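Trainee: Got a minute to walk through this structure with me? I'd like a quick tour before I set anything up.

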Amino acid sequence: MAGHGIDALYGGITNGGIGVNHGRITQYFVEPGATPKERMETAWRCLRAGLRERAEQLLDEAVAQGHDSARLRYLRILAAVSHRATEELTDADWVRVREILAPPPAPGTDPEGFDTAVRAVHRLLTAAVSPQGGTAGSANGAAPEPVEPTAGTEAAALLAGLPDERRAEVEDHLRHVVRGIERDANDAEEEAAVHDRRFAHDRTRRVPLFFTADPLPPQPPEHNGDSGWLPNVASGWGLAASAFVGGLVLALVRLGEDGADSPDSPAPGNNWPTGSGTVQGSGFGDPGVSDAAAASPDTTGMIVLSVLLALGVVTATVAAARPMMRKRARTVRMRKWRAEPVAADGGTRAAEGFARLRLRRDTAARTRSPAGERPTADARRRDRFRQTVTDLVQARFTEHTPDDRSDRATDWMRDSAEQRRELVAELTYCFWRSGTPAGLDWLIQRRAADEAARWRAHGPAREPRWAPVVMQLGVGLLVLLLLLVVIPMAVVGHGQYALLTATLWTTAGFAVWEAVWKAVLAERLDERRKTYDEDRVVHAEWSRYLADHRPDDVQLADWLDLDQRHLLREVLREHEMEHRDIVFSFFVLEAAPDCVRARVMGGPVRYSSYLVKLFVLTTSGVWTSTWLMDFTTGDHTGRSDVVFRYDAISSAMLKTLGRTKGREDDAAASMDPDIAELEEMVKEYGPPGNDDRQDSPLPSEALRLVLDNRQFLDVFLEDYALLDSTTETPGELRELARETSGVSAGFRILAALATEGREWFDQRRRHSCAVFLGEPATTGTEPRARLPR
């Protein structure tokens with residue numbers, strides 16, 4: 001959306017990152033009364049996205065409904081072995097596979113290739129579990145006997161006869177099995193195909209759109225609300241003019257009458273008392289002078305002086321009142337939005353962090369009950385929403401920092417501090433109940449761009465320093481006017497008229513003040529309405545753009561799988577290994593720090609950047625490689641390798657681990673006078689940025705591999721803390737996180753290696769062959785480890 005300067009939400013956000021939940025997408029769910037065909041279609045989508053267990057469940061439901069077809073059988077066998085090596089299949093899996101394939105479909109009319117594909121899978125599995133040399137071990141451990149040495153050749157022939165679409169599906173879902181059989185395949189062709197597919201379908205532009213939340217619609221501007229004591233601006237100006245003219249006329253008339261009635265007057269007319277005598281010459285009340293000549297030069301001068309002083313008062317008041325009223329309007333808005341004081345920018349990271357911690361402390365104190373209970377869920381939710389919006393605003397405003405190495409970079413962040421605080425307060429007030437701060441990113445980007453353009457054109461939006469001075473000048477002119485008009489009236493005995501005149505002029509002053517206030521509010525409302533209309537247009541265009549270009553979850557699963565295949569090939573090429581040197585390999589995935597999370601309902605959590613850990617199990621030991629991978633570009637950096645022997649594995653465990661942020665700010669924080677109280681807050685609510693964990697549907701889990709040198713290899717699982725509430729149960733979420741992260745398969749293999757050693761692979765192959773062929777199984781080769789529920 002280059003036309004409006006809006007970018008997709010993608011990383012770079014501190015304090016735990018951002019979570020996006022596409023709650024309206026239900027591509028992995030079916031209605032309770034769904035037909036078998038609908039369940040098969042949904043199961044196929046699950047398979048393509050790597051949700052094998054969910055696909056199995058849906059297909060079993062279709063079988064329970066009494067459905068039976070070649071396609072159902074084909075999908076069931078794919079779901080049983082999809083993207084799994086033979087070492088990953090348990091005894092129960094082999095029994096399930098044998099039941100699905102018993103007996104294999106006979107050759108016949110098969111236009112769509114489902115039955116032929118099932119026969120090909122049967123021959124591939126037969127070849128895969130046969131020991132090298134085409135033999136299988138007997139139940140009692142005696143010499144192996146030949147087992148169908150032509151199974152691989154038959155499978156290849158069957159695959160060649162399949163329709164292109166069906167052959168591609170079988171080769172994809174049974175790639176680990178096929179690799180085990182055809183280890184001498186042409187790697188160059190596969191590498192070229194992987195590279196082309198990794199960046200197909202405009203990946204670099206579309207991936208960030210998946211991590212961008214659906215934009216929340218802009219809120220229409222609210223009415224000013226502060227009605228005051230005047231209905232509009234015109235009435236204020238009218239009242240001010242009437243009150244001032246009325247007071248001026250009253251003053252001049254009463255003083256003129258007083259001069260005409262005075263017996264000591266040297267001449268008929270108005271006498272203005274002064275400190276040493278009288279000032280003659282108004283002509284008011286002189287019966288011998290016509291109306292045309294009644295106004296003496298002194299009276300005219302007095303009128304002109306009074307009018308000029310009044311105009312000076314009004315001009316000074318209006319000039320000073322507008323900036324002061326704008327400041328008052330901001331104060332009223334902030335009070336309405338119940339904004340909290342935020343420390344000024346420009347401090348250290350530690351100071352900012354502890355300022356936020358104080359804000360959480362103050363918020364908690366206000367929301368506690370008299371009994372000292374902890375803040376309510378709504379209070380914590382609003383506080384988290386405000387913190388996330390603050391991070392987004394900070395990040396988007398920072399993007400507009402001038403590139404030059406001057407003080408303008410510091411000036412920009414300092415000058416925009418007030419605007420950032422107002423924006424955070426407004427968005428929190430209007431949207432916190434939506435629970436999706438990421439949906440405001442488009443609006444924050446617009447506000448940041450508009451403010452940056454205004455700042456570059458006009459400088460900082462500060463109130464003029466001369467406003468208080470001018471206001472004092474206006475007050476001085478008003479006092480002078482009172483000295484020249486009102487006080488003489490009181491001196492000559494017209495106290496009641498002096499009071500009335502002062503009241504009228506005071507009313508005029510308040511009316512001017514209120515008229516300016518109304519004008520400022522009206523201007524603000526007009527600006528808000530104009531901005532709202534523009535926001536609606538941009539929101540509609542951005543929503544359409546996301547709908548048209550955002551990739552679906554299946555496409556992301558394909559890109560992620562291709563990235564893993566590319567990384568595996570890179571490791572093998574660098575260390576001059578071949579697939580034949582690998583006994584087994586698997587990936588485990590973890591969210592990178594401060595990444596953006598996104599998922600569709602029922603699907604796995606996708607990350608804008610991954611920590612990818614590859615375990616390569618060779619004949620002599622284990623090689624682990626870890627990368628930080630940018631999901632948009634597929635670039636991987638920061639690689640670290642760890643190599644160890646099988647007998648170096650001390651234990652493998654899946655357990656709940658506390659993961660808290662380090663206290664890098666301790667040195668700076670030690671100078672804070674409130675450090676003791678802040679540390680108590682940390683103990684009660686957790687460190688800054690981690691308060692999302694208290695409402696997490698799952699505890700933090702990690703796969704931990706312990707080596708004999710006391711070295712730990714940890715992989716943390718998703719706990720869904722940064723994502724919106726979901727209808728899925730904690731058990732379903734836990735199993736989904738384990739399966740899609742690779743921990744389920746990795747834990748079984750690592751636990752088996754920790755207890756059985758390298759020999760487990762050969763034992764397991766013989767055992768799997770026996771179970772698959774229906775022979776009595778050997779003992780001691782089923783993995784002893786089970787994932788905790």
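What follows is a chat about the folds, cores, cavities and backbone of this predicted model.

Mentor: Sure, and keep in mind that the model is predicted. Where do you want to start?

Trainee: Basics. How many helices and strands are there in the protein?

Mentor: The protein has 26 helices and 14 strands. Of its 789 residues, 48% are buried.

Trainee: And the contacts, what share comes from residues 24 or more positions apart?

Mentor: Counting contacts with a separation of 6 or more, 74% are between residues 24 or more positions apart. For one far-apart pair, take Ala251 and Ala498: they sit 247 residues apart along the chain, with 7.3 Å between their C-alpha atoms.

Trainee: Where is Ala251 found?

Mentor: In helix H11, which covers residues 233-261. Ala251 has 0% relative accessibility, so it counts as buried.

Trainee: OK, sheets. In what order do S1, S7 and S8 come?

Mentor: The order is S1-S7-S8, in an open sheet of three strands with mixed pairing. S1 (18-22) and S8 (606-607) are at the edges with a single partner strand each, so each has one side without a neighbour in the sheet.

Trainee: Do they run parallel or antiparallel, S1 and S7?

Mentor: Parallel, with five bridges joining S1 to S7, residues 596-600. Ile18, for instance, has Val596 in S7 as its bridge partner.

Trainee: What about S6, how many of its residues are buried?

Mentor: Strand S6 spans residues 582-591, and 10 of its 10 residues are buried. S6 runs antiparallel to S9 (residues 609-618), and nine bridges join the two. Within that pairing, Phe584 has Leu617 in S9 as its bridge partner.

Trainee: Switching to packing. Which residues touch the most other members of the largest nonpolar core?

Mentor: Leu125 and Phe631, in a core of 111 residues. Leaving out residues up to four places away in sequence, Phe631 touches a list that includes Tyr10, Phe211, Trp559, Leu560 and Tyr607. Among its other contacts are Arg203 and Asp563. There is also a second, separate core of 29 residues, and Phe584 is one of its members, along with Val622, Leu717 and Leu753.

Trainee: Phe584 again, the one paired with Leu617. Any general reason to expect cores like that?

Mentor: Nonpolar side chains tend to be buried together in soluble globular proteins.

Trainee: Now the holes. How many cavities of 30 Å³ or more are there?

Mentor: Four cavities reach 30 Å³ or more. The second largest has a volume of about 50 Å³.

Trainee: What lines the second largest cavity?

Mentor: Its lining includes Ile6, Asp7, Thr212, Pro215 and Trp542. By class, the lining has six nonpolar, three polar and two charged residues. Helix H18 (residues 441-458) supplies the largest share of that lining, three residues.

Trainee: Last one: backbone oddities. What is the phi of His201?

Mentor: About 60°, a positive value, although His201 is not a glycine. Asp202 also has a positive phi, near 55°. As background, most residues other than glycine have a negative phi.

Trainee: Where does His201 lie?

Mentor: In the loop between helix H9 (187-198) and helix H10 (203-210). Asp202 lies in the loop between H9 and H10 too.

Trainee: Is His201 buried or exposed?

Mentor: His201 is exposed, at a relative accessible area of 52%. Asp202 has 34%, so it is partly exposed.

Methods. Residues numbered from 1 in each chain as written. Predicted model: local features only at pLDDT ≥ 70, side-chain atom pairs only at ≥ 80, totals over all residues. Heavy atoms only, no water. Pairing = 2+ DSSP bridges. Helix = DSSP H or I, 4+ residues; strand = E, 2+ residues; numbered from the N terminus. Core = buried A, V, L, I, M, F, W, Y, C linked by side-chain atoms within 4.5 Å. Buried < 20%, exposed > 50% of the residue type's maximum accessible area, 1.4 Å probe, protein only. Contact = heavy atoms within 4.5 Å. 1 Å grid on protein atoms, 1.4 Å probe; cavity = no way out; pocket = protein on both sides within 12 Å on 5 of 7 lines; lining within 4 Å. Points joined across faces, edges and corners; volume = space filled by probe spheres on them. Nonpolar A, V, L, I, M, F, W, Y, C, P; charged D, E, K, R; others polar.
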